[in-house]
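User: Could you take a close look at one part of this protein for me? I'd like to hear about the loop that leads into the last helix, and how it sits in the rest of the chain.

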Amino acid sequence: MAEEAVVLFAGPLRHQLCACPGPGCVLHFVRDTTRREWCSPGCGNRARAARHYAKVR
């Protein structure tokens, strides 16, 4: 696992590594497409729901 971490952080994918901007999310992911913004669809749904409820209030 340590070897894979070194490859990820020092390899060619290091520029595509992003922190998830979801509320309360601490995960990181490799952005494989330019449109990918969240670490998972569930995290994106939670962020959109939080944004909606913030507008409504």
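Analyst: Confidence comes before anything else, since this is a predicted model. The average pLDDT is 90, and 100% of the residues score at least 70. Split up by element, the mean is lowest in helix α1, residues 2-10, at 87. Helix α2, residues 41-56, has the highest mean, at 92.

Now the overall layout, to place your loop. The protein has 2 helices and 2 strands, and they come along the sequence as α-β-β-α. The loop you asked about runs between β2, which covers 28-30, and α2.

As for overall form, the radius of gyration is 14 Å, whereas a compact globule of 57 residues would come in near 10 Å. Along the principal axes, the C-alpha atoms fill a box of roughly 45 × 20 × 15 Å. Buried residues account for 18% of the 57. If you take the contacts with a separation of 6 or more, 5% of them join residues 24 or more positions apart.

Let's come at the loop from the strand before it. H28 lies in strand β2. Its relative accessibility is 52%, so H28 counts as exposed. Setting aside neighbours within four places in sequence, H28 is in contact with L17, C18 and A19. Looking the other way along the chain, H28 and W38 are 10 residues apart, with 9.0 Å between their C-alpha atoms.

Next is R31, in the loop itself. R31 counts as partly exposed because its relative accessibility is 30%. Which residues does R31 touch, not counting those up to four places away in sequence? They are Q16, C18, R36 and E37. C18 is worth a second look on your screen, as it turns up in the contacts of H28 and in those of R31. For a sense of distance to the helix that follows, try R31 and A54: they are 23 residues apart in sequence and 27 Å apart in space, C-alpha to C-alpha.

Further along the loop you get to E37. E37 has a relative accessibility of 41%, so this one counts as partly exposed. Beyond its neighbours within four places, E37 is in contact with P21, F29 and R31. Measuring out from E37 to R51, you cover 14 residues in sequence and 15 Å in space between the C-alpha atoms.

Then there's C39, in the loop between β2 and α2. Is C39 buried or exposed? At 16% relative accessibility, which is under the 20% cut-off, C39 counts as buried. Apart from residues up to four places away in sequence, C39 touches C20, C25, L27 and F29. F29 is a handy landmark here: E37 is in contact with it, and C39 touches F29 too. The C-alpha atoms of C39 and F29 are separated by 5.7 Å, with their positions 10 residues apart along the chain.

So what does the loop look like when you put those residues side by side? R31 is partly exposed, E37 is partly exposed, and C39 is buried. R31 and E37 are also in contact with each other.

Last, the surface and the charges of the protein. About 4,800 Å² is exposed, and carbon and sulfur atoms supply 59% of that area. There are 9 positive and 4 negative side chains, and the centres of the two sets lie 17 Å apart.

Technical notes
Residues numbered from 1 in each chain as written. Predicted model: local features only at pLDDT ≥ 70, side-chain atom pairs only at ≥ 80, totals over all residues. Heavy atoms only, no water. Helix = DSSP H or I, 4+ residues; strand = E, 2+ residues; numbered from the N terminus. Rg over C-alpha atoms; globule rule 2.2 N^0.38 Å. Buried < 20%, exposed > 50% of the residue type's maximum accessible area, 1.4 Å probe, protein only. Contact = heavy atoms within 4.5 Å. Areas by Shrake-Rupley, 256 points an atom, 1.4 Å probe, with all protein chains shown as cover. Lys, Arg positive; Asp, Glu negative; His and termini not counted. Charge placed at Lys NZ, Arg CZ, Asp CG, Glu CD. pLDDT = per-residue confidence, 0-100.
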